[in-house]
Amino acid sequence: MACGTGRHTAHLHGLGHRVTGVDASPDMLARPRERLPDVDFREADLHRLPLPGDAVDTVVCALALTHVPELSPVSREFARVLRPGGHLVISDAHLLSSCLRPTLPRRPGPDGRAPLLAGYHRPLSDYLSAALPLGLQVHGCVEPWRPRGFLAPAAPDPLPTHPSWDLHHWCPEASVAALEDSPLVVVWHFRLAAT
Ligand SMILES: C[S@@+](CC[C@H](N)C(=O)[O-])C[C@H]1O[C@@H](n2cnc3c(N)ncnc32)[C@H](O)[C@@H]1O
């Protein structure tokens, strides 16, 4: 879900799973559609998944929930399409790293066409508040750290592409110190209660 360029889709497909990739952006979908012609890709929003109920064994959603304003409606969609006993694996920007970036409103991009995605910062309890009432039970939660030395203390590019792009340009030492000592992402593994 929100498969983007299809990193996880390709991995799951390579493992032999039957995979459906969903993303709201046709530009994003163009890339995995070319790379993985035998995979079913669908253009749709996370709030209205193009799948019937009880349709899938596992939902994977990586680094996309930070773009939705409320977790509950999207979590309801995940629970709806999952079979009882199914797995939900989510990764998202960790609050301790993402708070170095501003929450951006959704607004037109420089070409006046493509909207820039908003980024919302949320505490870990928000995921539980959205998931637990739906019968999604926690099976795991990890908060990986960025590898030491991953960030250079000086920013050679005025628009670095790593997630610290806002502050990194202006105060690289401070942003490296903050990001290297904070978890970068949170990864949740939920299972839908078997009925
Ligand atoms: C940072 S990319 C992550 C892509 C991919 N999951 C990965 O980990 O490589 C975020 C993706 O979420 C998609 N996205 C954001 N909001 C969405 C929404 N409401 N419905 C569907 N896709 C959405 C974007 O189009 C983009 O492809």
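**Reading strands, helices and a ligand shell**

Mentor: Let's start with one strand pair: β3 and strand β4 (residues 82-93) run parallel, joined over 6 bridges. Keep in mind that this is a predicted model.

Trainee: Happy to! What holds strands of a sheet together in general?

Mentor: Backbone hydrogen bonds pair the strands of a sheet, in either a parallel or an antiparallel sense. Here, one bridge links Ala62 to its partner Ser91 in β4.

Trainee: In what order do the strands of the open sheet come?

Mentor: The order of its 4 strands is β3-β4-β8-β7, and the pairing is mixed. At the edges sit β3 (56-62) and β7 (136-142), each of which pairs on one side only. On average, neighbouring strands in this sheet are turned by 15° against each other, ignoring direction.

Trainee: Now the helices. At what angle do α3 and α5 pack?

Mentor: Helix α3 (residues 71-81) meets helix α5 (residues 124-131) at about 50°, and their axes are 9 Å apart. The two are therefore oblique to each other, and their crossing is right-handed.

Trainee: Which residues make that contact?

Mentor: From α3 come Leu71, Ser72 and Ser75, while α5 supplies Asp126, Tyr127, Ala130 and Ala131. By class, the contact of α3 with α5 has 4 nonpolar residues, 2 polar and 1 charged.

Trainee: And the ligand: which residues come nearest?

Mentor: There are 17 residues around the ligand, and Ala2, Gly4, Ala24, Ser25 and Ala62 come nearest. The shell divides into 10 nonpolar, 4 polar and 3 charged residues. You have already met Ala62, the bridge partner of Ser91 in β4.

Technical notes. Residues are numbered from 1 along each chain as its sequence is written. This is a predicted model: local features need pLDDT of at least 70, side-chain atom pairs count only at pLDDT 80 or more; totals for chains, interfaces and linings use all residues. A residue is near a molecule or strand if its C-beta atom, placed from the backbone, lies within 6 Å of it. Ala, Val, Leu, Ile, Met, Phe, Trp, Tyr, Cys and Pro count as nonpolar, Asp, Glu, Lys and Arg as charged, and the others, Gly among them, as polar. Axes are lines fitted to C-alpha atoms, for helices over the stretch in contact, and angles run from 0 to 180 degrees between N-to-C directions. Angles under 35 degrees count as roughly parallel, over 145 as roughly antiparallel, 65 to 115 as roughly perpendicular and the rest as oblique. A crossing is left-handed if the near helix is turned anticlockwise from the far one by less than a right angle, and right-handed if clockwise. Two residues are in contact if their C-beta atoms, placed from the backbone, lie within 7 Å. Two strands pair if DSSP finds at least two bridges between them.
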